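Student: I am new to this structure and would like to learn how to read its confidence scores and its salt bridges. Could you take me through them with care?

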Amino acid sequence: MLDLLQAGGWLMVPIIACSVIAMAIVLERTWALRRRRIMPDGLVTQIWQLHCRNQLSRERIEEIRAGSPLGRMLSAGLINRHHSHEVMKEAISDTGRQVVADLERYLDSLGTIAAVTPLLGLLGTVIGMIDVFGVIMDAGVGRPEVLAGGISKALITTAAGLSVAIPSLMFHRFFDNRVDGLAIAMEEQALRLVEVMKGEREQEVDEVGR
């Protein structure tokens with residue numbers, strides 16, 4: 001492995017740095033975007049029961065807000081529950097945009113790595129070929145072993161750049177789709193709670209929580 005890194009030249013350093021950063025982002029987002037953490041089971045039912053028992057104090061709402069991203073959205077509506085339906089929905093919508101932005105944290109960086117690392121590999125290819133042509137000018141084409149260094153550098157950096165870019169792109173798309181799905185599900189839960197609390201739709205309590 002060290003021989004490959006040395007053969008790839010100095011461009012292997014930023015490529016490896018990108019791979020380390022990409023791996024860290026993937027692990028962090030895998031942990032952060034767990035559905036159970038984002039949308040705890042039974043949260044809407046719990047809030048509805050507290051509402052029915054007139055136990056939605058400011059302290060309770062603060063606990064709900066700090067508990068999960070969904071709780072953060074719902075608490076924005078609960079704070080405005082004595083206002084109109086439109087005010088509650090607007091408060092939830094505003095907070096929801098902030099929550100989604102938090103869920104998308106680091107994804108732009110992962111997408112940037114997926115876009116940049118192939119270019120670094122291509123740059124390594126160009127530099128390697130420049131070395132090859134420099135050797136050809138000095139020694140001619142009759143000694144292929146002399147050309148091997150530049151060709152090796154070109155191939156190694158290209159392969160390394162693609163090896164980082166391909167999984168980075170795949171995980172970027174995967175996390176992006178997951179965030180979209182979670183955002184839609186959280187919005188649905190929040191709107192259900194608003195409609196039930198405002199009496200616009202009658203549902204069973206256990207149905208509200210699903």
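Tutor: We can begin with pLDDT, which is the predictor's confidence in each residue, from 0 to 100. In this predicted model the protein averages a pLDDT of 83, and 81% of the residues score at least 70. Because the model is predicted, local features need pLDDT of at least 70 and side-chain atom pairs count only at pLDDT 80 or more, whereas totals for chains, interfaces and linings use all residues. Residues are numbered from 1 along each chain as its sequence is written, and side-chain values use heavy atoms, with hydrogens and water left out.

Student: Which elements have the lowest and the highest mean pLDDT?

Tutor: Helices (H or I, at least four residues) and strands (E, at least two) are DSSP runs, numbered from the N terminus. Among the elements of the protein, helix H2 (residues 12-32) has the highest mean pLDDT, 94, and helix H10 (residues 205-208) the lowest, 45. Over residues 200-208 the pLDDT is below 50, and beyond near neighbours in sequence this stretch has 16 contacts in the model, a contact being heavy atoms within 4.5 Å. Where pLDDT is low, the predicted coordinates should not be read in detail.

Student: How many salt bridges does the structure hold?

Tutor: A salt bridge is a side-chain nitrogen of Lys or Arg within 4 Å of a carboxyl oxygen of Asp or Glu, and the structure holds 6 of them. One of these joins the side chains of aspartate 102 and arginine 72, at 2.6 Å from N to O. Aspartate 102 lies in helix H7 (residues 85-103) and arginine 72 in helix H6 (residues 69-79), so the pair ties together parts that are 30 residues apart in sequence. Arg72 and Asp102 are also linked with Arg105 in a network of salt bridges.

Student: Are aspartate 102 and arginine 72 buried or exposed?

Tutor: Buried means under 20% relative accessible area, exposed over 50%, and partly exposed in between (1.4 Å probe, protein chains only). Aspartate 102 is partly exposed at 30%, and arginine 72 is partly exposed at 23%.

Student: What separates aspartate 94 and arginine 97 in helix H7?

Tutor: Aspartate 94 and arginine 97 are 3 residues apart in helix H7, which means that about one helical turn separates them, and their side chains meet in a salt bridge of 2.3 Å, N to O. Aspartate 94 is partly exposed at 31% relative accessibility, whereas arginine 97 is exposed at 52%. In helix H9 (residues 144-197), glutamate 188 and arginine 192 are 4 residues apart, again about one helical turn, and their side chains form a salt bridge of 2.6 Å, N to O.
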